[in-house]
Amino acid sequence: MKVVVLGAGVIGVTSAYELASDGHDVTVIERCEGVALETSFANGGQLSSDHGEPLAAPGVVAKALKWLGRTDAPLLFRLRLDPALWSWTLQFLSNSTEPKFWKNAERVLRLALYSRERMRETLKHETLAFDHQSKGILNVYQKPRELDHALENVRGLKELGSEQRVLDRKGCVALEPALGHSTLLIAGGIFTPRDESGDCYAFTKALAERCERRGVSFRFNTTVQGFHKEGWRVTSVETSQGPIEADVFVIALGSHSKTLLKGLDLNVPIYPAKGYSMTAPVADDAMAPNTSITSQAHKLVFSRMGGKLRVAGMLEFNGFDSVLDEKRARLVTTNALQLFPRAIEMNQAEYWTGLRPMTPDSVPILGRGKQENLILNTGHGMLGWTMAMGSARITADLVASHAPAINLEGLGWERFS
Ligand SMILES: Cc1cc2nc3c(=O)[nH]c(=O)nc-3n(C[C@H](O)[C@H](O)[C@H](O)COP(=O)(O)OP(=O)(O)OC[C@H]3O[C@@H](n4cnc5c(N)ncnc54)[C@H](O)[C@@H]3O)c2cc1C
């Protein structure tokens with residue numbers, strides 16, 4: 001079958017890989033000049049399948065209100081006249097109840113744990129250089145109250161299949177000795193030993209090369225403008241280089257999916273959430289973490305990428321504004337250095353922003369669209385790389401009309417209709 005994948009981020013490229021592995025004739029359309037140059041470029045680098053907790057959770061509203069208007073807030077809603085933001089926020093609030101949190105956590109974990117299986121299967125067949133580390137992820141809590149609150153969720157998350165180990169301060173430092181130099185209090189942590197980390201851009205680029213070897217054609221510098229339909233089928237996609245026909249179309253346009261899906265009678269609640277990252281050479285190996293870390297004090301994630309340290313965080317709801325605010329960017333470094341003083345060469349730090357494609361329930365939108373030959377693989381929010389390989393396999397299974405290995409209940413666009 002001829003399949004056109006729209007978007008060459010980590011979601012589009014992994015989809016193309018699985019589709020080509022099944023023997024399809026695959027074309028990927030991308031407006032940038034290469035793969036993974038938007039949100040998949042310099043993300044936090046965590047493959048955190050066991051950390052499948054949705055953002056909409058009891059207590060998040062109180063936190064957001066407390067941070068409202070603060071320029072150092074890790075979660076920031078910029079109040080603006082944007083109906084899409086208001087409607088998204090209302091849906092987000094309705095997902096912040098205890099029962100909805102657990103319903104969404106089950107859906108995220110179902111897909112994230114399957115994705116890890118698929119990632120491991122892929123890496124059995126492909127040797128890809130992406131600073132891959134399989135040392136687990138340590139979630140560090142600074143406030144005893146926040147640790148206690150997190151511990152309340154451990155049992156429920158374990159019942160959903162997540163492996164979590166609770167550590168006291170001593171246990172955290174034994175696992176990651178660099179934490180011994182922290183200027184912040186460490187109340188304790190939760191360690192997920194099966195989680196991994198690496199460089200998402202390097203991974204996507206290497207996998208795209210494997211795609212090309214399998215015959216996938218990438219059409220860069222080509223912008224998708226709309227679709228042509230006939231009855232209940234999409235016949236072609238209109239692009240800046242003319243129309244392209246196919247038997248099946250896969251939507252993997254990240255934060256931009258919503259705009260283009262409107263032309264296909266679908267109104268999906270995907271809203272961009274700006275995040276920042278900082279990458280700098282490690283100055284002193286003993287002071288920088290070797291294990292991937294999530295710090296709850298400032299909602300930052302840390303991943304080692306060879307001789308460099310990547311630190312990422314901040315969630316800012318302010319439309320498609322991806323401008324790098326110097327103050328907020330430097331805050332990432334300042335906060336990171338409180339946990340790991342003297343860890344990096346600050347004067348060589350490189351900053352970046354990306355727009356996470358967020359759904360109000362933190363569950364991606366995966367499955368058939370309204371047209372029978374349209375597959376949606378989008379809205380992966382804070383965990384796009386983590387959930388990529390499973391989402392890609394499911395996409396290929398749907399194209400082949402095979403039953404996917406996991407239940408797709410609650411993953412489709414229908415839950416918002
Ligand atoms: C600061 C930060 C930290 C993060 N940390 C992690 C982490 O540690 N672990 C994790 O799993 N996830 C993390 N994420 C989330 C993850 O990066 C995203 O979920 C993921 O990159 C989304 O991939 P995507 O392919 O859907 O989107 P993108 O990578 O944005 O790809 C979509 C592509 O579609 C293209 N496109 C858009 N419109 C058009 C058009 N009209 N025509 C043609 N092409 C178009 C874009 O150019 C883009 O290349 C983080 C995100 C941020 C911002």
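**Close-up 1. S40 and its neighbours make polar contacts with the ligand.** In this predicted model, an N or O atom in the side chain of S40 sits 2.5 Å from an oxygen atom of the ligand. G44 joins in with its backbone: one of its backbone N or O atoms lies 2.9 Å from a nitrogen atom of the ligand. V10 also uses its backbone, with a polar atom there 3.3 Å from an oxygen atom of the ligand. On its own, the ligand has 1,000 Å² of accessible area, and the protein covers 97% of it.

**Close-up 2. A shell of 35 residues surrounds the ligand.** Which residues come closest? They are E30, S40, V224, G381 and T386. Sorted by class, the shell has 18 polar residues, 13 nonpolar ones and four charged ones. If you want to trace the shell along the chain, look at helix 1 (10–21), strand 14 (271–281) and strand 18 (350–358), the elements that each give two or more residues to it.

**Close-up 3. Seven side chains, V61, L65, L68, L79, W86, L90 and L93, form a nonpolar patch on the surface.** Taken together, these residues have about 690 Å² of accessible area. Helix 2 (60–67) and helix 3 (83–94) are the elements that give two or more residues to the patch. Which helix gives the largest share? That would be helix 3, with three residues. V61 belongs to helix 2. Is V61 buried, exposed or in between? Its relative accessible area is 33%, so V61 counts as partly exposed, because that class runs from 20% to 50%.

**Close-up 4. D131 has a positive phi without being a glycine.** Its phi is about 55 degrees. Why is that worth a look? Most residues other than glycine have a negative phi. You'll find D131 in the loop between helix 4 (98–125) and strand 5 (137–141). With a relative accessibility of 38%, D131 counts as partly exposed.

**Close-up 5. M314 is another residue other than glycine with a positive phi.** Here the angle is near 70 degrees. Where does M314 sit? It lies in strand 17, which covers residues 308–317. Is M314 buried or exposed? M314 has a relative accessibility of just 6%, so it counts as buried, because the cut-off for that class is under 20%.

How values were computed: Residues numbered from 1 in each chain as written. Predicted model: local features only at pLDDT ≥ 70, side-chain atom pairs only at ≥ 80, totals over all residues. Heavy atoms only, no water. Patch = residues over 30% accessible without salt bridge, like charges linked within 9 Å, V, L, I, M, F, W, Y side chains within 5 Å. Areas by Shrake-Rupley, 256 points an atom, 1.4 Å probe, with all protein chains shown as cover. Salt bridge = Lys/Arg side-chain N within 4 Å of Asp/Glu carboxyl O. Helix = DSSP H or I, 4+ residues; strand = E, 2+ residues; numbered from the N terminus. Buried < 20%, exposed > 50% of the residue type's maximum accessible area, 1.4 Å probe, protein only. Near = heavy atom within 4 Å. Polar contact = N/O pair within 3.5 Å; in protein donor to acceptor, adjacent residues only side chain to side chain. Nonpolar A, V, L, I, M, F, W, Y, C, P; charged D, E, K, R; others polar.
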